[in-house]
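This briefing covers selected local features of one model, grouped by topic. Please read it alongside the sequence and the structure.

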Amino acid sequence: MTPAGLLVFCSLLTRTLCVIAPQLPDFKTGDKKVVNGPFWHEVFTETYEDHEEDISTTTSEPLPFFEDDASTNNVTAQLGSRVYLHCRVHDLGEKTISWVRRRSEELHLLSFGRHTYSADSRYSLAFEQPNDWRLLIQYVSERDEGYYECQISTHPPVVRKVHLTVVVPKVEIVDERGRPLQDKFYKEGSIIELRCVVSEVPQPTRQVSWKHGNRMLNYDTKRGGVSVKTEATSNGALSRLYIANANRNDSGNYTCSLADVATSAVSVHVLRGENPLAMQRGSASCFYPSIAVLVTFIS
């Protein structure tokens, strides 16, 4: 090729490269590109190190759930007793359990994890292996009745509601017909017999006690002739107090109690000479206890 021809060829080649060069793309780290041009089949093929995070596939943790035990959704407790509200949770993992007291629209935190947050010392978290997050309430009162929530700290929280019913025991000293008594009359030398009916007791485990004034009669050995017989009934107990050979010292106030939860009282009058049956009948309409006491001391 002549010098003149070589000059023309170089000039054309330079113009062509100037046109093609701006079309080459910018490459960033991690790009892998193939560019086809009219003059070469493959101009650029290059792989850079990829610093992007690998998306790893992990197995998701099982969601926690409550044990299906409908028998623990409604709990009945006797006034003054201690009660556990159960909350059994499976697959808890890293989640946390909390107990909350619901009153209308208000929520009061009682426990979080294994820590108690209630200002009322009667409430505490009593965890039982393997998975029972029990809430313990001691000395149950009527104001404790209502709904409680066991919550799992998922999003949104999973909630299990427990309703607590508080039963107030009923104690009555009754006559032979089962009617409540306020006064009872006995003839000197007779046997005093008093009946005490305890009802509305879901768990009849507490002892029925008898007192004459401040003196406990259940285990009395000083007086002699005193016995107490108590038998369980379908919803409580029936207790009988017997005092043999009654005398005027046996007059006074008698109480029948179910622990310190419920009490009933009767005034006993031991008479000398008067007809107790007549006094008993008269007391139903116009008898005043103070008169009976006066008659007792005068006689």
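Cysteine 256 is buried, with a relative accessible area of 0%. Its disulfide partner is cysteine 196, which also counts as buried, at 0% relative accessibility. The model is predicted, and the values below are computed from it.

**Disulfide of cysteine 196 and cysteine 256**

- The sulfur atoms of cysteine 196 and cysteine 256 lie 1.9 Å apart.
- The torsion about this S-S bond is about -85°, so the disulfide is left-handed.
- Cysteine 196 sits in strand S14 (residues 192-199) and cysteine 256 in strand S19, so the bond ties together parts that are 60 residues apart in sequence.

**Disulfide of cysteine 87 and cysteine 150**

- The structure has 2 disulfides by the distance rule, and cysteine 87 and cysteine 150 form one of them, with their sulfur atoms 1.9 Å apart.
- This link joins distant parts of the chain, 63 residues apart: cysteine 87 is in the loop between strand S3 (83-85) and strand S4 (89-90), while cysteine 150 is in strand S10.
- With -75° about the S-S bond, the link of cysteine 87 and cysteine 150 is left-handed.
- Both cysteine 87 and cysteine 150 are buried.
- When the bonded cysteines of the chain are numbered in sequence order, the pairing reads 1-2, 3-4.

**Threonine 255 in strand S19**

- Threonine 255 belongs to strand S19, which spans residues 252-258.
- Threonine 255 has a relative accessible area of 14%; because the cut-off for buried is under 20%, threonine 255 counts as buried.
- Setting aside neighbours within four places in sequence, threonine 255 is in contact with Ser209, Trp210 and Lys211, and also with Thr263, Ser264 and Ala265.

**Strand S13 and its pairing with strand S20**

- Strand S13 (residues 183-187) is mostly covered, with 4 of its 5 residues buried.
- S13 is joined by 5 bridges to strand S20 (residues 262-271), and the two strands run parallel.
- Across this pairing, phenylalanine 185 stands opposite histidine 269 in S20.
- In a regular strand, side chains alternate between the two faces of the sheet.

**Aromatic pairs**

- The structure holds 2 aromatic pairs.
- In one pair, tyrosine 123 and tyrosine 148 have ring centres 6.5 Å apart and planes at 40°, so the pair is tilted.
- The tilted class applies because stacked planes are under 30 degrees apart and edge-to-face planes over 60, whereas the planes of tyrosine 123 and tyrosine 148 are at 40°.
- Tyrosine 123 is in strand S8 (residues 123-128) and tyrosine 148 in strand S10 (residues 146-152), so the rings link distant parts of the chain, 25 residues apart.
- Tyrosine 123 is buried, with a relative accessible area of 7%.
- Tyrosine 148 is buried as well, with a relative accessible area of 0%.
- Strand S10 thus holds tyrosine 148 of this pair and cysteine 150 of a disulfide.

**Arginines over aromatic rings**

- Arginine 114 lies over the face of phenylalanine 127, at 4.2 Å from the ring centre.
- Arginine 134 lies over the face of tyrosine 84, at 4.1 Å from the ring centre.

Technical notes:
Residues numbered from 1 in each chain as written. Predicted model: local features only at pLDDT ≥ 70, side-chain atom pairs only at ≥ 80, totals over all residues. Heavy atoms only, no water. Phe/Tyr/Trp six-rings, centres within 6.5 Å; stacked < 30°, edge-to-face > 60°. Buried < 20%, exposed > 50% of the residue type's maximum accessible area, 1.4 Å probe, protein only. Lys NZ or Arg CZ within 6 Å of the ring centre and 35° of its normal. Contact = heavy atoms within 4.5 Å. Disulfide = S-S within 2.5 Å. Pairing = 2+ DSSP bridges.
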